[in-house]
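Got the viewer open and a cartoon view switched on? Then come along for a short tour, one selection at a time.

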Amino acid sequence: ALGEAKASPGQAGTVGVRPEHHVAAADGPVRGTVRFVERLGAASFAYLDAPGAEGEIIAQAPAGAVWRVGECVALDAAAGAAHPFDENGDAITRRG
């Protein structure tokens, strides 16, 4: 299990978002190019390459959306769905 860490201003870390919590948003802060689309019945998952991302981003495509390989999409995270981790991979305790 991951421990919990407290963040300090300027501390390095990463942010994790589950595929189902990505939200397509024209002005979203994350932009990526669709590399592969996996269609699993009612759900489709897009695998994206995004500048600055550590590894690929996996996002569940919104209902009715048809994302295509090579397409650039913009994403945001649903409210409260971003999970911060410190440089050791420990979950950062949220304040407030």
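We begin with the whole chain, move through the sheet and its core, and finish with a few single residues.

**Stop 1: the whole chain**

Keep in mind as you look around that this is a predicted model. Colour by secondary structure and you will find nine strands and zero helices. Followed along the sequence, the pattern is simply β-β-β-β-β-β-β-β-β. The chain has 96 residues, of which 25% count as buried. If you show a surface, the accessible area comes to about 6400 Å², and carbon and sulfur atoms account for 54% of that area. How much of the contact map joins residues at least 24 apart? Taking contacts between residues at least 6 apart in sequence, the share is 62%.

**Stop 2: the five-stranded sheet**

Now select β3 to β7. In what order do the strands of this open sheet lie? The order is β3-β7-β4-β5-β6, with antiparallel pairing. β3 and β6 are the edge strands, each pairing on one side only. Turn the view to look across the strands: the twist from one strand to the next averages 50°.

Let's walk across the sheet, pair by pair.

- Select β3 and β7: these antiparallel strands are joined by three bridges. Ala24 stands opposite Leu75 in β7.
- Add β4 (30–40). Four bridges pair β4 with β7 in the antiparallel sense, and here Arg31 stands opposite Ala74 in β7.
- Next comes β5, which runs antiparallel to β4 and is joined to it by seven bridges. Look for Phe36, which stands opposite Tyr47 in β5.
- Zoom in on the link between β4 and β5: the two strands form a hairpin with two residues between them. In the turn, Gly41 has a positive phi of about 70°.

**Stop 3: the nonpolar core**

Show side chains for Val34, Val37, Ala46, Leu48, Ala50, Ile57, Ala59, Ala61, Trp67, Val73 and Leu75: these eleven residues make up the largest nonpolar core. The elements giving two or more residues to this core are β4, β5 (43–49), β6 (57–60) and β7 (72–77). In soluble globular proteins, nonpolar side chains tend to be buried together.

Centre on Leu48 next. Setting aside residues up to four places away in sequence, Leu48 touches Gly32, Thr33, Val34, Arg35, Glu56, Ile57, Ala59, Val73 and Leu75. Among them are the core members Val34, Ile57, Ala59, Val73 and Leu75.

**Stop 4: a salt-bridge network**

Select Arg35, Asp49 and Glu56, which are linked in a network of salt bridges. The structure holds two salt bridges. One joins Arg35 to Asp49, with the closest N and O atoms 3.8 Å apart. Because Arg35 lies in strand β4 and Asp49 in strand β5, this pair ties together parts that are 14 residues apart in sequence. Between Glu56 and Arg35, the closest N and O atoms are 2.1 Å apart. Glu56 lies in the loop between β5 and β6, so its pairing with Arg35 in strand β4 ties together parts that are 21 residues apart in sequence.

Are these three residues buried, exposed or something in between? Arg35 is partly exposed at 41% relative accessible area, Asp49 is partly exposed at 42%, and Glu56 is partly exposed at 36%.

**Stop 5: three residues to finish**

Select His22 in strand β3. At 16% relative accessibility, His22 counts as buried. Beyond its neighbours within four places in sequence, His22 is in contact with Val17, Ile57, Ile58, Ala59, Leu75 and Asp76.

Then go to Ala26, in the loop between β3 (22–24) and β4. Ala26 counts as exposed, with 74% relative accessibility. Leaving out residues up to four places away in sequence, Ala26 touches Arg31 and Ala74. Measure across with your distance tool: the C-alpha atoms of Ala26 and Ala74 are separated by 5.7 Å, although the residues are 48 apart along the chain.

The last pick is Pro84, found in strand β8 (residues 83–86). Pro84 counts as partly exposed at 24% relative accessibility. Add Gly13 to the selection: 71 residues separate this pair along the chain, and their C-alpha atoms are 7.2 Å apart.

Methods. Residues numbered from 1 in each chain as written. Predicted model: local features only at pLDDT ≥ 70, side-chain atom pairs only at ≥ 80, totals over all residues. Heavy atoms only, no water. Buried < 20%, exposed > 50% of the residue type's maximum accessible area, 1.4 Å probe, protein only. Contact = heavy atoms within 4.5 Å. Areas by Shrake-Rupley, 256 points an atom, 1.4 Å probe, with all protein chains shown as cover. Core = buried A, V, L, I, M, F, W, Y, C linked by side-chain atoms within 4.5 Å. Pairing = 2+ DSSP bridges. Axes fitted to C-alpha atoms, helices over the stretch in contact; angles between N-to-C directions. Salt bridge = Lys/Arg side-chain N within 4 Å of Asp/Glu carboxyl O.
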